[in-house]
Amino acid sequence: MSKIKIGVVGIRRGGAYVKAFHRSDRSEITAICDLSEHNLAASAEEIGLPDEACFQDYDKFLETDIDAVVVGTPIPFHEEQVIKALRAGKHVFSEVTMAHTVEGCQNILNAVRETGMKYMLGENYIYLDFIQQWKKYVDDGRIGRIHYAEAEYVHDIRERLYDTGTRPGETYWRTYRPPIHYCTHSLGPLMFLIGNNDRICKATAWGNKATIVEDQSLYPSTIDMQAALFETEQGRIIKILRSQVTPREKHIITYNLYGTDGLLETGRTAGYNTVGNRFFGATDKRIVPMNCNGTNLDTPKRLRFGGHGTSDYYGAMAFLDYLEYDKEPFATVEIAAQLTLPGLIAHECASQGHIWKDVPKLD
Ligand SMILES: NC(=O)c1ccc[n+]([C@@H]2O[C@H](COP(=O)([O-])OP(=O)(O)OC[C@H]3O[C@@H](n4cnc5c(N)ncnc54)[C@H](O)[C@@H]3O)[C@@H](O)[C@H]2O)c1
């Protein structure tokens, strides 16, 4: 069987997917695109891609013979680049989040439906190994029905709120991203564990003050902390805490889920190698440490890359399964919207004085 031909646009974060699809024996990278010549050259050299497969012009890149596009550019470009790729007859694997506006999410959904092409949101944290292991516990009923879930993602990236690339020191796309907009690493795993027959339908949030960073031109990315509360259609409560400026060494992402018969929770020590995962279930009747982290230790070393355990590799493989075997991943276009919209609405709630708002259901 011939390999699936993948093109990647946005080579910084997208570089992880250059590796994933290049190293898999089911796919090959046939074109890459980036505004930065330097980033293009470095990536091309790494995988031995000729100059004629490197593009600074996205439209020309789309004219090449590729089956699917990985959109790894900054979020404000997702809507336009995803829709162009779909209309050019390419399947899309998009970096998070889906888009930075409600309208952008709707436009992507419409384009997927119009073109019949496949779309997957590359929410890699769902593929952290411990989340995959937890899923088995949940599906086996070991914590009962989940009624409450929370996540905390605090990552001090103050230095990255400025452009470090073409216009060093100037404001950049992350400057315009309120912390709670970047919510899919939190909501993705939680909703994956809860299951896709529920949806966040209401939101409220607190947090609109920026007291840590003095440079007010960097607002709203510099909001100290945002805390959002969500309600699901089936009455579950979800709490998310987000900051990208509060001092913390090192960054942390934690998840806790409470069920009618037990709980699953991460430790609080460090990022993705979350040491101290614990489980409490009705049959076990005690807190049990779980020996799991972000990396699947059965995975060959050459497929462990990207700084997020083995999640980048397994996310990419889920996309190939979608294309090759029509095996639907969790984060289809509908779920992508359901993971992205709560953050967009939550920021509106926080800016307007922590009011409650409905989270729209796109159709
Ligand atoms: N899933 C994860 O764990 C994770 C981690 C980091 C970033 N991300 C996501 O990846 C995306 C990119 O983030 P980043 O940290 O690499 O951003 P970045 O700004 O550091 O790098 C963006 C890259 O895209 C290129 N680029 C910018 N605009 C472009 C355009 N219009 N056309 C072609 N190339 C363009 C830049 O030259 C640069 O190489 C964002 O959507 C972000 O949310 C996801």
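Domain bounds here come from an automatic or database domain assignment. On that basis, the C-alpha centres of domain 1 and domain 2 lie 26 Å apart. The model is predicted. Its protein chain is assigned domain 1 (4–117) and domain 2 (125–296 + 333–358).

**Domain contact**
- Domain 1 puts 15 residues into the contact, and domain 2 puts in 13 residues.
- On the side of domain 1 that touches domain 2, 11 residues are nonpolar and four are polar.
- That side of domain 1 has no charged residues.

**Sheet**
- Nine strands form an open sheet with mixed pairing.
- Their order is 14-13-12-11-7-10-9-8-15.
- Strand 14 (287–289) and strand 15 (357–358) are the edge strands, and each pairs on one side only.
- Inside the order, strand 7 stands between strand 11 and strand 10.
- Strand 7 (residues 146–154) pairs with strand 11 (residues 252–259) in the antiparallel sense, over eight bridges.
- Across this pairing, Ala151 stands opposite Tyr255 in strand 11.

**Helix on the sheet**
- Helix 9 (residues 333–351) packs on the sheet.
- Helix 9 touches strand 8 (200–206), strand 9 (226–232) and strand 15.
- The direction of helix 9 makes about 40° with that of strand 8.

**Ligand surroundings**
- The ligand is surrounded by 21 residues.
- The closest of them are Gly10, Arg12, Arg13, Ser36 and Glu95.
- By class, this shell holds nine nonpolar, eight polar and four charged residues.

Technical notes: Residues are numbered from 1 along each chain as its sequence is written. This is a predicted model: local features need pLDDT of at least 70, side-chain atom pairs count only at pLDDT 80 or more; totals for chains, interfaces and linings use all residues. A residue is near a molecule or strand if its C-beta atom, placed from the backbone, lies within 6 Å of it. Ala, Val, Leu, Ile, Met, Phe, Trp, Tyr, Cys and Pro count as nonpolar, Asp, Glu, Lys and Arg as charged, and the others, Gly among them, as polar. Two strands pair if DSSP finds at least two bridges between them. Helices (H or I, at least four residues) and strands (E, at least two) are DSSP runs, numbered from the N terminus. Two residues are in contact if their C-beta atoms, placed from the backbone, lie within 7 Å. Axes are lines fitted to C-alpha atoms, for helices over the stretch in contact, and angles run from 0 to 180 degrees between N-to-C directions.
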